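Q: I have a protein model in front of me and would like to learn how to read its features one at a time. Could we go through it together?

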Amino acid sequence: MVSKHTASSGLFEFLLQMGDNCLVLAHRNSQWCGHGPALEEDIAISNISLDLIGQTQLWLELAGEVEGAGRSADDLAYLRDAFDFRNLLLLERPNEDFGLTLMRQFLFDAWHLPMLKGLTQSSNKRIAEIAEKSVKEVTYHLERSTDLIIRLGDGSAESHRRMQSSLDELWSYTGEMLESDDLDPALISECVVPAGDKVAEAWRQHVTAALKLATLIKPESDFVRRGGKNGIHSEHLGFVLAEMQFLQRAYPGAVW
Amino acid sequence: MYAQIVKTDGTGVKSREDMTPEESAFQQRIDADQKIEPKEWMPEGYRKNLIRQISQHAHSELVGQLPESNWITRAPTLERKAILLAKVQDEAGHGLYLYCAAETLGISRDEMFEQLHSGKAKYSSIFNYPTLTWADIGAVGWLVDGAAIMNQVPLQRTSYGPYARAMVRICKEESFHQRQGFDIMMKMASGSDAQKRMAQDAFDRFWYPSLMMFGPSDKDSVHSAQSMAWRIKINTNDELRQKFVDQTVPQAKYLGLTVPDENLIWNEEKGGHDFTEPDWDEFYAVLGGNGPCNKERLQARVTAWNEGEWFRDGLLANAAKKCTAGEVAA
Ligand SMILES: [Fe+2]
Ligand SMILES: [Fe+2]
Ligand SMILES: [Fe+2]
């Protein structure tokens, strides 16, 4: 694993992780557009999706530049196959119900925000700029998802049950997010990317506190599902891409 | 047109002599172009009519999300995806403003949803047509939002204050919607042969349904007179349809698309186009539930509502807990 890194390929991989996370989660959230449980939620989740698409564009554009092979953000989004995607398995999970969607958002936001905050201090100016812009949006994402999982966890018996089962269902996918041994160590030593344990610690604190307020029980199991960051995905991603990339694949080279 | 057939109660417009003093004073204010506000006296017919019209409009915004959200996950570039998401999100926002405006007349959002879900309330027939290719997303923005603007710009001057103000906010966003649609069409119509084919095909399918958006022909539109006297309808259906055709034909020409009407011709004398009327049998069939997507559209709304019940109840339960906690603390 480690041996494959050169300075720029390590950075490229990291930027793909950031961009692909945003892209795949945006895709999942956008599937709720027009189908949300309340009009206000429909608007909010579409809005979050929209923020994430914007962030995808920034990360993947930079990834393309770093790679230096002339690929645009659209090329990277639309013309890679699943094994070249670097998003977390958590984010490609099908939506199932709005509870699972919210819990996934919460677990991700709680990692995304400290990660971005760390990146605002990056020694790489471009990364710091993108992080700066994203932090504002993601601060709101985390506020909203935290508020909702607390209210639904401590809501009716049925909403409590659904939030607990979503948490149980998703827990094994969170470990992958908190590990950073896949990253090129030079990225951390050169202060391009914040140290993984700091981000993980911030995640743990936020999640533990929120779950307590939500009257939800943190699962015991420490089983970790991993693979997304190395391009070994679940079966779901293939279908996400088949749908997302349909036009670019069916009409190569067309301008839209 | 988002409220294509709003049935009015009673028969025709009351003459001044038949009006009570209250009604007469009310009509005078409308004639003087004054806005009517929620707490003020209004004839029962005016209130009922407005509720129907505004809720139909709100339902149209809501159901109108569906044909477009159908393509969000398949949008061909990240930028197109973002634009489409923003657009469909706007439509949900329009629904929200309009439900709020209707609520000021004494009906709740839940009641309006109930009417939509039971099939009692109508929404615009246009949203019962499918979006089959990406060019349909262009056609919807260009034609459907274009027709919406045509209808909604005059409604900014409608007599009911909250409705007029909702229209002002909505119109600001609609022109962006139409532009993005036209822009998609431009790319398609000047693109590859396959894209050109998609563009013409979309235009062919959406042309007549767009003309239907303005409602039946004036000669068959029995409910207009009272609505116009109350200034909750400003132009007749045929006036708006004519305006729409005259605006759209040159745009189609610019795009290099053919209007699917052999009888379309410029009439110098009237200063407008002569054109074939849409198939009104089809219109009434779609309105009555037998369009290509009526079942799917309504089902999508009902499913979203039913499957969201636990979510809404959960939030209510949480709010109730906080209230009791507050009482205990106090
Ligand atoms: Fe609209
Ligand atoms: Fe709208
Ligand atoms: Fe619109």
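Q: Let us begin with the empty space inside: how much space lies in the largest cavity?
A: This is a predicted model, and in it the largest cavity holds about 170 Å³ of space. Its lining is made up of 21 residues, and those closest to the centre are W111(A), M115(A), M177(A), E179(A) and K229(A). By the rule used here, 4 cavities of 30 Å³ or more are counted.

Q: Which helices supply the lining of the largest cavity, and what classes of residue are found there?
A: In chain A, at least two lining residues come from each of α1 (7-30), α5 (98-119), α8 (175-178) and α10 (196-213), and the largest share, 4 residues, is that of α1(A). Sorted by class, the lining has 13 nonpolar, 4 polar and 4 charged residues.

Q: How should I read the packing of α5(A) with helix α6 of chain A?
A: Two packed helices are described by the angle between their axes and by the distance between those axes. Here the axes of α5(A) and α6(A), the latter covering residues 125-153, come within 7 Å and cross at roughly 145°. The crossing of α5(A) past α6(A) is left-handed, and their contact includes 17 nonpolar, 7 polar and 3 charged residues.

Q: Turning to the metals, which residues coordinate the iron ion (ligand 2)?
A: The iron ion (ligand 2) is held at 2.0 to 2.2 Å by E61(B) and E91(B) through OE, H94(B) through ND1, and E174(B) through OE. Along the chain these donors follow the spacing E-x29-E-x2-H-x79-E. Two of them, E91(B) and H94(B), both lie in helix α4 of chain B (residues 78-103), where they are 3 residues apart, about one turn of the helix.

Q: What are the angles among the donor atoms of the iron ion (ligand 2)?
A: Ideal angles at a metal are 109.5 degrees for four tetrahedral donors. The 4 donor atoms of the iron ion (ligand 2) make angles of 80 to 152°, and the site is irregular.

Q: Why is the arrangement around the iron ion (ligand 3) called irregular?
A: The arrangement is irregular because the 4 donor atoms around the iron ion (ligand 3) subtend angles of 84 to 168°. Two of the residues that coordinate this ion link distant parts of the chain, since D145(B) lies in helix α6 (residues 134-155) of chain B and H177(B) in helix α7 (residues 161-189) of chain B, 32 residues apart. The coordinating residues are E91(B) (OE), D145(B) (OD), E174(B) (OE) and H177(B) (ND1), at 1.9 to 2.2 Å.

Q: How far apart are the iron ion (ligand 3) and the iron ion (ligand 1)?
A: These two ions are 3.5 Å apart, while the iron ion (ligand 2) and the iron ion (ligand 1) are 2.6 Å apart.

Methods. Residues numbered from 1 in each chain as written. Chains lettered and ligands numbered in written order. Predicted model: local features only at pLDDT ≥ 70, side-chain atom pairs only at ≥ 80, totals over all residues. Heavy atoms only, no water. 1 Å grid on protein atoms, 1.4 Å probe; cavity = no way out; pocket = protein on both sides within 12 Å on 5 of 7 lines; lining within 4 Å. Points joined across faces, edges and corners; volume = space filled by probe spheres on them. Nonpolar A, V, L, I, M, F, W, Y, C, P; charged D, E, K, R; others polar. Axes fitted to C-alpha atoms, helices over the stretch in contact; angles between N-to-C directions. Left-handed = near helix turned anticlockwise from the far one by under 90°. Donors = N, O, S within 2.8 Å, 3.2 Å for Na, K, Ca; no water. Tetrahedral: all angles 85-135°; square planar, octahedral: opposite > 155°, others 65-115°.
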